[in-house]
Amino acid sequence: MSLERPDEHDHGGWMEQKDLTPIEETYLTVLMWLDKRLRIVDYLEVLENLYYKVNLQMPKSHTEQYNLDNKFWYWYPLYALGSFSTIAYVVAALTGALLGFYYAPATAGDPSAAYNSLAMIMTELNFGFFLRSLHRWSAQVMTAAVFLHMLRVYFTGAYKEPRELNWILGIVLISLTMVFGYTGYLLTWDQLAYWAGQIGVEMALSIPLIGQWVAQLIFGGFALSQSTLMRMYLLHVFLLPFVVTALIAVHIGIVWMQGIAEPH
């Protein structure tokens, strides 16, 4: 008894009846060979069904529901803030990755190496001043755009049913944006960064019951040290980018499925 899946269709005979070019024949032969072993066609059918289901946006947008021809609101600047903040995030991510080739958070227990590497980037590296400035300004633009985006969503009522989940996700994203900015602010390890870090330690210690535990976990102690800088570096470079990118993808996916909440 053969365990090979029976061929419901005579693919070989079908190919002989067709006037196929060598390229077409090679493509179909490879596809059939892969399908017998990996069920390629089944997965393609699943993706096709998923594509049609995802593109059935619900609920219908205000313009579609009432057959409105005037779509001027689509071009209103406040409705582009979500895309604008996403673009700023991409720019910050790319420039941050390039800065990572030259930035060193600490060496041999000396956190001042972070400031020295930053000074090297700003003064000695070709286009280093431009690269660091672009990273800094894109991060600030992203923060402002996300804040204004949340205000637009609130004042136009776009947080209401059935978009509550995306509103909560947006609150999480703006919170993580603040954490992103704070951790990056401390990486310069200059006077502004040092005292901003000290304020963070005091805020953590002011939390009832668990304040000391939070300060130890986030800042590595009750005073700023190399442990503080390394924790901020790990959060800013290795943890937050993956979490924020995943949440942004989910956020955009929900908007794609539900459609944009239009002003009434």
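This report describes the pockets, the aromatic contacts and one helix residue of a predicted model.

**Pockets**

The largest pocket has a volume of about 1100 Å³. It is lined by 34 residues, and those closest to its centre are His 135, Ala 139, Phe 180, Gly 184 and His 236. Six helices each supply at least two residues of this lining: α5 (81-99), α6 (112-123), α7 (128-155), α8 (164-186), α9 (191-205) and α11. By class, the lining of the largest pocket holds 20 nonpolar, eleven polar and three charged residues.

The second largest pocket holds about 700 Å³ of space. Of the 34 residues that line the second largest pocket, Gly 82, His 149, Asn 166, His 251 and Val 255 are the closest to its centre. At least two lining residues come from each of α5, α7, α8 and α11. The greatest contribution to the lining of the second largest pocket is that of α11, with eight residues. This lining is made up of 21 nonpolar, eleven polar and two charged residues.

**A residue of α11**

Helix α11 spans residues 226-258 and includes Val 237. The relative accessibility of Val 237 is 33%, so the residue counts as partly exposed. Val 237 and Gly 100 are 137 residues apart in sequence, while their C-alpha atoms are 8.5 Å apart in space.

**Aromatic contacts**

A pair of aromatic rings is described by the distance of the centres and the angle of the planes. The structure holds eight aromatic pairs, among them the two in the table.

| Pair | Centre to centre | Angle between planes | Geometry |
|---|---|---|---|
| Tyr 154 and Tyr 159 | 5.5 Å | 15° | stacked |
| Trp 189 and Tyr 194 | 6.4 Å | 85° | edge-to-face |

In the stacked pair, Tyr 154 is partly exposed because its relative accessible area is 45%. Tyr 159 has a relative accessibility of 27% and therefore also counts as partly exposed. Tyr 154 and Tyr 159 belong to one aromatic cluster together with Phe 155 and Trp 167.

In the edge-to-face pair, Trp 189 has a relative accessible area of 14%. Buried means under 20%, so Trp 189 is buried. Its partner Tyr 194 counts as partly exposed, at 31% relative accessibility.

A contact between a charge and a ring is also present: Arg 136 lies over the face of Trp 137, at 5.7 Å from the ring centre.

Note on methods: Residues are numbered from 1 along each chain as its sequence is written. This is a predicted model: local features need pLDDT of at least 70, side-chain atom pairs count only at pLDDT 80 or more; totals for chains, interfaces and linings use all residues. Side-chain values use heavy atoms; hydrogens and water are left out. Helices (H or I, at least four residues) and strands (E, at least two) are DSSP runs, numbered from the N terminus. Buried means under 20% relative accessible area, exposed over 50%, partly exposed in between (1.4 Å probe, protein chains only). On a 1 Å grid over the protein atoms alone, a cavity is a set of points where a 1.4 Å probe fits but cannot get out, and a pocket is an open set with protein on both sides within 12 Å along at least five of seven lines; lining residues have an atom within 4 Å of a point. Grid points are joined across faces, edges and corners, and a volume is the space filled by probe spheres set on the points. Ala, Val, Leu, Ile, Met, Phe, Trp, Tyr, Cys and Pro count as nonpolar, Asp, Glu, Lys and Arg as charged, and the others, Gly among them, as polar. Rings of Phe, Tyr and Trp (its six-membered ring) pair if their centres lie within 6.5 Å; planes under 30 degrees apart count as stacked, over 60 as edge-to-face and the rest as tilted. A charge sits over a ring if NZ of Lys or CZ of Arg is within 6 Å of the ring centre and within 35 degrees of the ring normal.
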